[in-house]
Amino acid sequence: MNWVLVILGGMVGAPLRYLTDRAVQSRHDTGFPWGTFAVNVSGSLVLGLLTGAVTAGAAGSHLQLLLGTGLCGALTTYSTFSYETLRLAEGGSRFHAAANVVASVTAGLGAVYVGLAVARALWS
């Protein structure tokens, strides 16, 4: 049963990642990977919120598998972040590569903390 929940979450998360990435990237005419940045930060926020809900007892392990492992696992793409950062650096856009690393890691961690804080405010 657990693997079905993970697959169902992934079936929603993967297309959501693609559509979000394309929608965000089409609005920016720069080499910076805004689409990947957006899905990683939003996925981190959802994961922080979900982790806080599970920790407070407001959500169960099945929801954690469906949304955390399945949906957020397929929505976020830190492997693409790594690839795009390397591509920027190799293409001579070292400033954008460094900015991508600093912004993605800082915003991703910040989003997790915001999600945890919101969950704490809601369920503690």
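This passage looks at helix α2 and its packing in a predicted model, then turns to T85 in helix α4.

Helix α2 covers residues 34-56, 23 residues in all. From first C-alpha to last it reaches 33 Å, close to the 33 Å expected at 1.5 Å a residue. Just past its end, G57 takes a positive phi of about 85°. A good number of positions along α2 are buried, namely G35, T36, F37, V39, N40, G43, S44, G48, L50, G52 and A53. The cover over these buried residues includes α1 (2-26), α3 (61-75), α4 (78-90) and α5 (94-123).

Of these neighbours, α3 gets a closer look here. Two packed helices are described by the angle between their axes and the distance between the axes. For α2 and α3, the angle comes out at about 165° and the axes lie 9 Å apart. With the cut-off for roughly antiparallel set at over 145 degrees, that makes α2 roughly antiparallel to α3. The crossing of α2 past α3 is left-handed. On the α2 side, the contact involves V39, S42, G43, V46, L47, L50 and V54, and these meet L63, Q64, L67, G68, C72 and L75 of α3. Sorted by class, this contact has 9 nonpolar and 4 polar residues, with no charged ones.

Over in helix α4 sits T85. Its relative accessibility is 12%, so T85 counts as buried, the limit being under 20%. Leaving aside residues up to four places away in sequence, T85 touches A97, N100 and V101. T106 lies 21 residues from T85 along the chain, and the C-alpha atoms of the two are separated by 15 Å.

How values were computed. Residues are numbered from 1 along each chain as its sequence is written. This is a predicted model: local features need pLDDT of at least 70, side-chain atom pairs count only at pLDDT 80 or more; totals for chains, interfaces and linings use all residues. Side-chain values use heavy atoms; hydrogens and water are left out. Helices (H or I, at least four residues) and strands (E, at least two) are DSSP runs, numbered from the N terminus. The expected span of a helix is 1.5 Å times one less than its number of residues. Buried means under 20% relative accessible area, exposed over 50%, partly exposed in between (1.4 Å probe, protein chains only). Contact means heavy atoms within 4.5 Å. Axes are lines fitted to C-alpha atoms, for helices over the stretch in contact, and angles run from 0 to 180 degrees between N-to-C directions. Angles under 35 degrees count as roughly parallel, over 145 as roughly antiparallel, 65 to 115 as roughly perpendicular and the rest as oblique. A crossing is left-handed if the near helix is turned anticlockwise from the far one by less than a right angle, and right-handed if clockwise. Ala, Val, Leu, Ile, Met, Phe, Trp, Tyr, Cys and Pro count as nonpolar, Asp, Glu, Lys and Arg as charged, and the others, Gly among them, as polar.
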